[in-house]
Amino acid sequence: MGRGHPGDQIRLAMFALIDGNNFYVSCERVFNPRLMGRPVVVLSNNDGCAVARSEEAKALGIKMGVPWFQVQSLARKHGVIALSSNYTLYADMSNRMMSLLGQFAPQEIYSIDECFLYFDGFQMDLTVYGQTIRQRIKHWLGLPVCIGIGPTKTLAKLANHIAKKQPYWKGVCNLGTLPETALNNLLAGIEVGEVWGIGRRLREKLHHLNIRTALALKCADTDLIGRMFSITAKRTVTELRGMPALRLDEVAPARQQILCSRSFGMPVTLYSELQEAVTSYITRAAEKLRCQSLLAHAVHVYIHTNPHRKRDAQYRQGITVTLTEPSCDTIKLTRAGLWGLARIYRTGYRYNKAGIMLMELVPADALRQTALFAHGTTMADKARTLMTTLDLVNRRMGKDTLALAGAGTVKNWHMKRNHKSPCYTTEWKELAEAHC
DNA sequence: TCTGGGGTCCTAGGACCC
DNA sequence: TCTGGGGTCCTAGGACCC
């Protein structure tokens, strides 16, 4: 590809942000064409909130994150199809999309449905290139995406927003070739809250300063913004002006924590059920930990009642338990977690959620200090072999083929998933079939 | 009756030290 | 009336993202 040379006078590098349209809904539609043209929503765990909506569902006024029960009657009236989230399917589709996109330019995967590409010294019309990328994803995977291009990540994000909202751009908005006045006119029409990094709180405060559009923020005094808010906000202003303050991170930085938490399908009062939940969550998190070749030095456990039920007595508590030495052994981590749970558990409450965090993560291969009274290598070796075997069996024979007995088998507390679609691409038993 | 889950970064403030 | 100052480290909580 036509890369620039170090001696080049001007290197106009551009960022692109590729974002799946209504990603979860689109994934479902790939395997179930009957969902096309109809209002569809994908629900969060426990069928709690709407986390993805088709254009038709958005048109009905169903907002992002709205509790499902609040819009259920409206949905029924208009024949909205609700699906429980099927993360296994979405993750698999995401992997396919990301590996395709990675063939076009250096890539940073930003989320399950978004990535940045970096065009440095590309001697071509990037708008045309963008259309090529877009069509490739559509043809090969059946997923619709929009593409935003700009000289900084923040502008690429904004361009993507514009590409999604304004049909004029045909899915690819390239701010890189726009004259300054045209760019400013465009920015003047965008609410400041749409800018990447400006959330609800910041938006409110900016409004008080009479900064209401992306253009107004671009023209704001950077030092003032830095002093009043944070260095992050200051960076956003710099980026809006076309000066990169954020680079492309091709290698994902090592995780700093691994979290697993779930709301329960029903209120939980029994200590034994909380123990089961905590054991299950630690099992899941420890799998992820080993998958990334990391060890955890601490386990944080928390439980709480349902804050939305004002009439109920409320309780929330968490505790961090430090291990004598970093570990990825499910059994050791579980023992620490349950020890913590015993410290924070109180009877007489209706708990609706428990969660665990593996913290202080270190690479498994890094030289580490061995605890003074740690077991000899034979014990550690045995544990390692056991865990490797556990992962292998579960990968081959299916999730939870082998699990700690403490995780329970009945799992009354398990979350609700009443509308789940099959795992079309990752389970032999659920392979896609013709639906029409 | 029913309100998600998994992350990161930044800041303020306290503890502690010299 | 007087009651330093500055640096570092840690933690909790806020804000943001998808």
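How many residues surround DNA strand B, and which are the closest? In this predicted model, the count is 23 residues, and the closest are Ser44, Leu259, Ser261, Arg262 and Ser263. On the DNA side, sugar and phosphate make up 71% of the strand B atoms that come within 4 Å of the protein.

So what kinds of residues are on the protein side of this surface? Sorted by type, there are seven nonpolar, 10 polar and six charged residues near DNA strand B. Helix H11 (231–240) and strand S9 (258–268) each chip in with at least two of the residues. S9 gives the largest share, with six residues.

Now let's zoom in on some side chains that meet the phosphates. Each row gives the distance from a polar (N or O) side-chain atom to a phosphate oxygen of DNA strand B.

| Residue | Distance to phosphate oxygen of DNA strand B |
|---|---|
| Gln256 | 2.9 Å |
| Arg309 | 3.1 Å |
| Asn306 | 3.5 Å |

Next, the cysteines. A disulfide is a covalent bond between the sulfur atoms of two cysteines. How many disulfides turn up here? The count is zero. Take Cys115: the closest cysteine sulfur, in Cys146, is 14 Å from its own sulfur, so the two are too far apart for a bond. Cys146 is in no disulfide either, as the nearest cysteine sulfur, in Cys173, is 9.9 Å away.

Are Cys115 and Cys146 buried or exposed? Cys115 is buried, with a relative accessible area of 0%. Cys146 is buried as well, with a relative accessible area of 5%.

Conventions:
Residues are numbered from 1 along each chain as its sequence is written. Chains are lettered from A and ligands numbered from 1 in the order in which they are written. This is a predicted model: local features need pLDDT of at least 70, side-chain atom pairs count only at pLDDT 80 or more; totals for chains, interfaces and linings use all residues. Side-chain values use heavy atoms; hydrogens and water are left out. A residue is near a molecule or strand if one of its heavy atoms lies within 4 Å of it. A polar contact is a pair of N or O atoms within 3.5 Å; within protein, one must be able to donate a hydrogen and the other to accept it, and residues adjacent in sequence count only if both atoms are side-chain atoms. Helices (H or I, at least four residues) and strands (E, at least two) are DSSP runs, numbered from the N terminus. Ala, Val, Leu, Ile, Met, Phe, Trp, Tyr, Cys and Pro count as nonpolar, Asp, Glu, Lys and Arg as charged, and the others, Gly among them, as polar. A disulfide is a pair of cysteine sulfur atoms within 2.5 Å. Buried means under 20% relative accessible area, exposed over 50%, partly exposed in between (1.4 Å probe, protein chains only).
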